[in-house]
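Student: I'm new to this one and would like a close look at a single part of it. Could you take me through how some of the helices pack together?

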Amino acid sequence: MQSSGEILFSGWADPMLEHSEAATKIFVTDYDGTLTRDDFFQLVMDELLPPGTPNHWQQYLDNQLSHFEVLERIFAAIRTDEATMLKTARRCGLDTDLKPSVQRLREEGWEVIVASAGCRWYIERMLAEADVRLTVHANPGEFSAATGLTMLRPVESPFYSPETGIDKGAIVRWYVDRGCTVAFAGDGRADFPAAAQLPIHRRFARATLASMLDRAGQQYQPFDTWSAVADQLLAEDS
């Protein structure tokens, strides 16, 4: 049995994947800023980093750090207790209609796959609190008050990327190549390779991802909440 600090390296080993492999309609979704209202790393930067912590996010924007490296450094700088970490993760605002939306999607043949360049540590805990079980492809991690959230590279995952840890574009491509109907929703820079592969009506974007698609001249479906995307996919099926 795993201890609370031990995290599996890849959603690929998750028994839920057997269910998703049998599905022909796959909804791949980002977590931070998509399934949630706010990004966990942003709340961490605003509230949980000690004074004097370098501006790692600006280093990322200046192309001095990879996406994995910037989150790795931000999370490692956290100095707080586990209760505060979980409180912060809850305040990201997981969609309150997630559970019924997932159930309705499954009833219509859709399986939901979480693809995140963030950390499994908080994602899995928030999904468990919402009583929702999904296959999660994200970077593993371990937390302690002394060393912060140590994010690890998911080198055992078939979707491993040195840049982001998890390659969302590779996940989407894997299901497309299997002949599945695939939809994707996201909000960030790391979501562009996944979204760009899909037709307009199954490409959902907000925030930075929407701006990137605009600049690339690629159309998409805007959204405010994740459950609204689920509603649109279900309406398309009806």
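Tutor: Here is a walk around helix α5 and its partners, with a short stop at another helix and a loop.

First, some ground rules. This is a predicted model, where local features need pLDDT of at least 70 and side-chain atom pairs count only at pLDDT 80 or more, while totals for chains, interfaces and linings use all residues. Residues are numbered from 1 along each chain as its sequence is written, and side-chain values use heavy atoms, with hydrogens and water left out. Helices are DSSP runs (H or I, at least four residues), numbered from the N terminus.

Let's start with α5, residues 82-90, and α7, residues 120-129: their axes lie 10 Å apart and the helices pack at about 70 degrees. Axes here are lines fitted to C-alpha atoms over the stretch in contact, and angles run from 0 to 180 degrees between N-to-C directions. The pair is therefore roughly perpendicular, a label for angles of 65 to 115 degrees. From α5, the residues E82, M85, L86, A89 and R90 make the contact, and from α7 it's W121, Y122, R125, M126 and E129. Contact means heavy atoms within 4.5 Å. Sorted by class, that's six nonpolar, no polar and four charged residues. Nonpolar covers Ala, Val, Leu, Ile, Met, Phe, Trp, Tyr, Cys and Pro; charged covers Asp, Glu, Lys and Arg; the others, Gly among them, are polar.

Now for α2 against α5: these axes come within 9 Å and cross at roughly 125 degrees. That makes the two oblique, the name for angles that are not under 35 (roughly parallel), over 145 (roughly antiparallel) or 65 to 115. Here F40, L43 and E47 of α2 meet M85, T88 and A89 of α5. This contact has four nonpolar, one polar and one charged residues. M85 and A89 also appear in the α7 contact.

Next, look at α4, residues 67-76, whose buried residues are H67, F68, V70, L71, I74 and F75. Buried means under 20% relative accessible area, exposed over 50%, and partly exposed in between (1.4 Å probe, protein chains only). Seen down the axis of α4, they fall within an arc of 165 degrees, so they line one face of the helix. That arc is taken from the directions from the helix axis to the C-beta atoms.

Last stop: P50, in the loop between α2 (40-47) and α3 (56-61). With 31% relative accessibility, P50 counts as partly exposed. Setting aside neighbours within four places in sequence, P50 touches A77 and R79.
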